[in-house]
Each structure stands twice: as structure tokens, then as C-alpha cells.
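The following exercises concern a predicted model. Each task is followed by a worked solution.

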Amino acid sequence: MVKGKTAIVTGGTRGIGFSIVKTYLDNGANVALLGSRKDSVDAALAKLTEYGDRVMGLWPDLLNPEEVKRDFEAVRAKYGRVDILANNAGISSKTSFYDYTLDEFKKVMDLNVTAVFICAQAAARIMKEQGGGVIINTSSMVGEYGQPSGCSYPASKFAVNGLVKSLSRELAKDGIRVNAVAPGVTRTDMLANLPKEMVDRVSAGIPLGRVGEPEDIAHAYLYLASDEASYVTGLVLKVDGGART
Ligand code: NAD
């Protein structure tokens, strides 16, 4: 579905991001996998040797517009284009409101919102020149319902949705579609560390009766990146088994 296209995936070293990387590679795309450190990027690339030159790794500081621009240009230099940006890197928070520090609030907003803005702008400048592209941000079910602690996390995902709604309207004239995927509870490292009984309890509260797998989320990223979704923009696509908090 994305054969011959080039994708940049932030936070591509593990969890949902790694699954997006693999799904795009399996469907014929070239992929630049981004992580926060060289060692984690190298470890991820070591699991993808079968894809040869179709995958590359980079570790720009996502809060530094110059580094992001430099690395996105390096992707264009290697593969000729940048068709897809999967803005996936993110951190969550569970701290109580009364204990929240300004530093923690800013840290979550920085990666989950400011870095999404910086990467989207760098990608859109390239996409405009080449006549179009697709930006897909990662929202969350808590970007609709909020959550009872860690307030900066849902606030950041509401902001992500706001960027999707606004940028989809502003960039449509340049052939750039902007959407988001809003995962529910998904089996990544975070969940793997929880006791099985707790995961079973969470699963029982989800209408489809299970937590999401990273592949469930990656398939939504595949659809939204494909030409089959060429008339879809401004959408926040829920992939949550019908869960409601
Ligand atoms: P994860 O912790 O397994 O992976 C996070 C990724 O982000 C990693 O690749 C990491 O390298 C990268 N990252 C973290 N800090 C970074 C930084 N400062 N600079 C650059 N990259 C950094 O998380 P995940 O569960 O796979 O989540 C991925 C996305 O999905 C996030 O945006 C998260 O908010 C969202 N999400 C996850 C769930 C879930 O249940 N797992 C639910 C809803 C939304």
C-alpha cells in the first residue's frame, strides 16, 4: 500500500513506532527510523537487516529545528522524497495535579506537542516542494476523555488533535493530508511491566475484550499513509477496541 514511498517515523525504536516502521517496510516503503539515542537506533536497525538499504536510522533532537531539518534533508538526499511523516514519539505521565512540577508539565508538552510541530513543519516544507505528502500524528483515547491524573498528557493529545484539525485545512492546498491515530491501551513496554491480573481487568472493560497490539495501531498508520486514504484529511482515527474511560 505504500510501495516506493518514503516515510520518516519518530520514536521508531520500540513499541508502536517500531511496528509502524516494520509495517511500512513490509508494504514496500523506504523508512527513516528516528530515536532519541544512537544505541537504541542501532539496536532497532539490527532487527531490520533483511530490509537492507530501505531502512536508515537517525537520532536528531526533536526539539531542535535545525537538527530536524538537517536530518529530514538527509532522508530526502538518500531516497529522493519524503512522502510520509509518522509523528509517533511521545511520553506519558501519571503524576497527581497537586504534585505536578512545571518541569514535568513542560517536558510532556515539549515532546508531545512542540516536537510534533517542529517535525511537521520540516516535513511539510519538503512535501510542498514535491507536490504533496501525508503527516500522521499520534493522539490517544485520553485526547477525547482526559484522564484522572497526569494532566499534561491528555492536554498534549488535545493539542495534537488541534494541530491535525488546523493543519489539515491549511495544508490541503499543497496536497498535504494531516491526520492522527488515537490508540487505546496498547501492549508496549509500559503494559508489559504491569501484572497480568491488571491487564486482564483493563481488557475486560474494553468492548472488544482485549488490549491493542502495536500492529493494530500500525495498520491504521498504513491506511492513512496510503493512496486509498487520498480523500481523508483532518481525521483523528480511534483504534481502541471501543474503549471509553
Ligand atoms: P514507548 O515508550 O514504547 O516508545 C516511545 C518512543 O518514543 C520510543 O521509540 C522512544 O525512543 C521515543 N522517545 C521517547 N522520548 C523521546 C525523546 N525525547 N526524543 C525522541 N524520541 C523519544 O511508547 P509507545 O507506547 O509505543 O507510544 C508511542 C506513541 O503512542 C506515543 O505518542 C504515545 O503517547 C502514544 N500512545 C500510546 C498508548 C499505549 O497504550 N501504549 C496509548 C495511546 C497513545
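**Exercise 1. What span does helix H6 (residues 152-171) reach from its first C-alpha to its last, and what span is expected at 1.5 Å a residue?**

Solution. Helix H6 has 20 residues. The expected span is 1.5 Å times one less than the number of residues, which gives 28 Å for H6. In the model, H6 reaches 27 Å, close to that expectation.

Next, list the buried positions of the helix. Among them are Tyr153, Lys157, Val160, Leu163, Val164, Leu167 and Leu171. The buried residues of H6 pack against helix H4 (102-130), strand E5, helix H5, strand E6 (176-183) and strand E7 (236-239).

**Exercise 2. Determine whether Ser140 is buried or exposed, and identify its surroundings.**

Solution. Begin with the location: Ser140 lies in the loop between strand E5 (133-138) and helix H5 (142-145). Its relative accessibility is 8%, and the threshold for burial is under 20%, so Ser140 counts as buried.

Then examine its partners. Neighbours within four places in sequence being set aside, Ser140 is in contact with Tyr153, Lys157, Val181, Ala182 and Pro183. In addition, a polar atom of the Ser140 side chain lies 3.1 Å from the backbone nitrogen of Val142.

**Exercise 3. Which residues have the most contacts inside the largest nonpolar core, and which element gives the most to this core?**

Solution. The largest nonpolar core has 32 residues, and those with the most contacts inside it are Ile8, Phe72, Val75, Leu85 and Ile135. Strand E2 (30-34), strand E3 (55-58), helix H3 (65-79), H4, H6 and E6 each supply at least two residues of this core. H4 gives the most, with 11 residues.

Ile135 serves to illustrate the packing: beyond its neighbours within four places in sequence, its contacts include Leu85, Ala120, Ala124, Met127, Leu171, Ile176 and Val178. Apart from this core lies another, of 31 residues, among them Leu25, Ala86, Ala218 and Leu224.

**Exercise 4. Which of the 22 residues around the ligand come nearest, and how much of the ligand does the protein bury?**

Solution. The nearest are Thr13, Ile16, Asn88, Tyr153 and Thr186. Helix H1 (15-26) and H6 each supply at least two residues of the shell.

Now consider the polar distances to ligand oxygen atoms:

- Thr13: a polar side-chain atom at 2.8 Å.
- Thr186: a backbone N or O atom at 2.9 Å.
- Arg14: a side-chain N or O atom at 3.0 Å.

Finally, the ligand taken alone exposes 830 Å², of which the protein buries 84%.

Key: Residues are numbered from 1 along each chain as its sequence is written. This is a predicted model: local features need pLDDT of at least 70, side-chain atom pairs count only at pLDDT 80 or more; totals for chains, interfaces and linings use all residues. Side-chain values use heavy atoms; hydrogens and water are left out. Helices (H or I, at least four residues) and strands (E, at least two) are DSSP runs, numbered from the N terminus. Buried means under 20% relative accessible area, exposed over 50%, partly exposed in between (1.4 Å probe, protein chains only). A polar contact is a pair of N or O atoms within 3.5 Å; within protein, one must be able to donate a hydrogen and the other to accept it, and residues adjacent in sequence count only if both atoms are side-chain atoms. Contact means heavy atoms within 4.5 Å. A nonpolar core is a set of buried Ala, Val, Leu, Ile, Met, Phe, Trp, Tyr and Cys residues joined through side-chain atoms within 4.5 Å. A residue is near a molecule or strand if one of its heavy atoms lies within 4 Å of it. Accessible areas come from the Shrake-Rupley method with a 1.4 Å probe; for residues, only the protein chains shown count as cover.
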